[in-house]
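Visitor: I would like a close look at a single part of this model, the helix that lies across one of the sheets, together with what surrounds it. Please take me through it in one connected account.

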Amino acid sequence: MPITAQDLIDAILDRGTFTGWDGPLVDAVTAADDEYAQTLSRARERSHHDEAVFTGEGRIRGQRIAVIACDYAFLGGSIGVAAAERIVAAVERATALRLPLLATPTSGGTRMQEGTVAFLQMVKISAAITLHKKSGLPYLVYLRNPTMGGVFASWGSLGHVTIAEPGARIGFLGPRVHQALHGEPFPDGVQTAENLFAHGLIDGVVPLRFVRLLAHRALRVLAGTKDADPLAPHLGMREELSTVDDGASAWDSVRISRETGRPGVRALLRHAATDRLPLSGTGEGEIDHALLLSLARVQGYPCVVVGQDTTRTEGRPSPLLGPAALRLARRGMRLAEELDLPLVLVIDTWGSALSPEAEEGGLAGEIARSLSDLVTLRVPTVSVLLGQGSGGGALAMLPADRVLCAQHAWLAPLPPEGASAVLYHDVEHAAELAQRQRIRAADLFEDGIVDRVIPERPNAADEPTDFSRRVGLAVSAALAELTLIPDSIRISRRLDRYRFLGTR
């Protein structure tokens with residue numbers, strides 16, 4: 001059974017909180033056409049709605065939110081001038097009231113009876129939503145079955161977070177149109193929610209009964225303020241972070257950083273964060289599992305978290321970062337800037353992918369754009385060297401306001417074995433080069449590359465929970481400092497740091 005308007009209200013909003021915003025409809029250019037007027041009249045009788053869109057506001061666990069939803073029973077949810085005007089008026093009202101916005105489209109696309117003028121409504125809808133987002137307000141999208149054509153190509157594809165109904169047909173070109181134009185059916189399985197998720201175009205496939213929970217989590221981060229530290233009762237007093245050289249060699253740290261069982265970004269989120277909401281893909285048809293993107297509260301601070309996900313299992317190599325991973329990282333940077341949220345970056349990588357596909361996919365350009373975006377980002381940024389920090393993939397996520405480093409993490413232009421191969425045509429000099437290149441945490445601190453060293457007691461793999469919580473405390477301490485500094489001063493200090501690194 002299709003999801004109805006009442007289904008949406010009942011499943012997503014607090015009971016009894018929905019208030020409609022819809023007023024009289026504007027007259028469409030073609031409304032005087034007798035045949036179309038009769039079609040509209042029949043649609044109103046069947047659907048019990050005056051148009052294909054209804055709007056209003058309600059609450060999700062007490063949080064106010066504006067809602068825009070399609071009714072597929074009204075001419076297939078198609079969008080003409082009157083429906084578009086209703087959408088834009090609701091977006092503008094949500095922006096003026098500083099409300100987050102949830103859109104739940106289901107539509108065949110542009111209303112053909114109104115022709116080209118209906119087609120052009122995509123422009124004003126996209127503009128209104130873009131201005132809403134530029135105001136720092138969240139925009140969430142739940143795509144229902146079906147969402148096609150101009151609706152998917154405008155307000156259906158602009159969400160900060162986008163999820164879809166299981167089995168929903170979602171796409172731009174209608175299968176009937178494809179059959180008529182090309183004389184063959186559109187391939188099965190392409191225009192499905194599950195396929196879009198697999199290709200990194202949406203963030204999840206979610207039954208309606210779970211949308212309320214996910215929307216609440218998203219709002220807790222995207223529209224939230226800092227909580228009291230939710231993990232403090234379990235952690236006791238905050239401790240000073242060590243910057244003391246423990247005497248371990250650089251090669252010791254390299255070996256320790258590669259140990260099976262060493263906690264990574266997933267452990268950090270599990271033990272030091274709440275309200276976690278993973279996002280998926282670049283939104284541009286790519287997905288790379290070497291990098292994780294999530295909304296979360298780290299020790300109570302709402303953040304966008306971008307983390308290199310090095311999975312350490314016996315007999316399985318660490319994943320290498322390709323260009324799609326860095327495009328996903330840049331999506332996280334954009335999210336943080338649009339929503340005025342701190343950005344936390346977790347570095348833990350053997351290095352960038354070395355392959356023809358990576359070269360042809362623009363890896364070097366993505367490293368450059370990541371560096372450019374990150375070093376000039378307006379919001380507070382914290383980078384955490386959690387384990388291995390090798391090559392351009394690590395560097396692309398490093399230049400932050402504060403750089404934290406685990407005691408046995410390291411940072412180098414190449415893995416020590418690679419540096420040895422370049423200089424000596426063997427790997428036998430790896431340990432020696434690791435020491436000479438000053439890649440270990442104590443040296444990075446002394447050289448001004450990192451700001452704080454997070455202790456391991458004696459090894460993060462031996463204490464994954466306590467270590468992950470310690471990292472969370474270090475991140476929250478850095479954010480507490482950074483949020484007190486005006487943007488202009490903080491950005492100037494960040495740029496100066498890297499402008500003069502190594503020269504004084």
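Guide: In this predicted model, helix H9 lies across S2, S3, strand S5 (139-143) and strand S7 (161-164), and its direction runs at about 165° to that of S5. Helix H9, residues 208-222, also gives eight residues to the largest nonpolar core, which is the largest share of that core.

The strands under H9 belong to an open sheet of seven strands, ordered S1-S2-S3-S4-S5-S7-S9 and mixed in its pairing. At the edges of this sheet are strand S1 (19-20) and strand S9 (204-205), each of which pairs on one side only. S1 is joined to strand S2 (residues 53-60) by two bridges in the antiparallel sense, and within that pairing Thr19 has Glu57 of S2 as its bridge partner. Helix H1 (residues 5-12) packs on the sheet as well, where it touches S2, strand S3 (63-70) and strand S4 (101-104), with its direction at about 15° to that of S2.

Elsewhere in the chain, another pair of helices can be described by its packing: helix H3 (residues 81-96) and H5 pack at an angle of about 10°, with their axes 9 Å apart. Because of that angle, H3 counts as roughly parallel to H5. On the H3 side the contact involves Val81, Ala84, Glu85, Ile87, Val88, Val91, Ala94 and Thr95, and on the H5 side Gln121, Lys124, Ile125, Ala128, Ile129 and His132. Val123 also has its place in helix H5, which spans residues 121-134; its relative accessibility is 53%, and therefore Val123 counts as exposed. From C-alpha to C-alpha, Val123 is 7.7 Å from Ser154, although the two are 31 residues apart in sequence.

The core to which H9 contributes can be followed further. It is the largest nonpolar core, with 89 residues, and Val304, Leu343 and Leu385 have the most contacts inside it. Leaving aside neighbours within four places in sequence, Leu343 is in contact with residues including Val304, Val306, Met333, Leu374, Leu377 and Val382. Apart from this core lies another, of 31 residues, among them Ile68, Tyr139, Phe152 and Trp155.

Leu343 leads on to a second sheet, since strand S13 covers residues 343-349 and runs parallel to strand S12 (residues 301-308), to which four bridges join it. Within that pairing, Val306 has Leu345 of S13 as its bridge partner. The sheet itself is open and has seven strands in the order S10-S11-S12-S13-S14-S15-S16, again with mixed pairing; its edge strands are strand S10 (273-279) and strand S16 (452-454), and the twist averages 25° from one strand to the next.

Further along this sheet, strand S14 (residues 381-389) pairs with S15 in the parallel sense over four bridges, with Val384 and Leu404 as bridge partners. Strand S15 (residues 402-406) is mostly covered, four of its five residues being buried, and S15 pairs in turn with S16, also in the parallel sense, over three bridges. There, the partner of Cys405 is Val453.

As for confidence, the chain averages a pLDDT of 91, and 93% of the residues score at least 70. Over residues 229-240, however, the pLDDT is below 50, and this stretch has 18 contacts in the model beyond near neighbours in sequence.

Methods: Residues are numbered from 1 along each chain as its sequence is written. This is a predicted model: local features need pLDDT of at least 70, side-chain atom pairs count only at pLDDT 80 or more; totals for chains, interfaces and linings use all residues. Side-chain values use heavy atoms; hydrogens and water are left out. pLDDT is the predictor's confidence in each residue, from 0 to 100. Contact means heavy atoms within 4.5 Å. Two strands pair if DSSP finds at least two bridges between them. Axes are lines fitted to C-alpha atoms, for helices over the stretch in contact, and angles run from 0 to 180 degrees between N-to-C directions. A nonpolar core is a set of buried Ala, Val, Leu, Ile, Met, Phe, Trp, Tyr and Cys residues joined through side-chain atoms within 4.5 Å. Buried means under 20% relative accessible area, exposed over 50%, partly exposed in between (1.4 Å probe, protein chains only). Angles under 35 degrees count as roughly parallel, over 145 as roughly antiparallel, 65 to 115 as roughly perpendicular and the rest as oblique.
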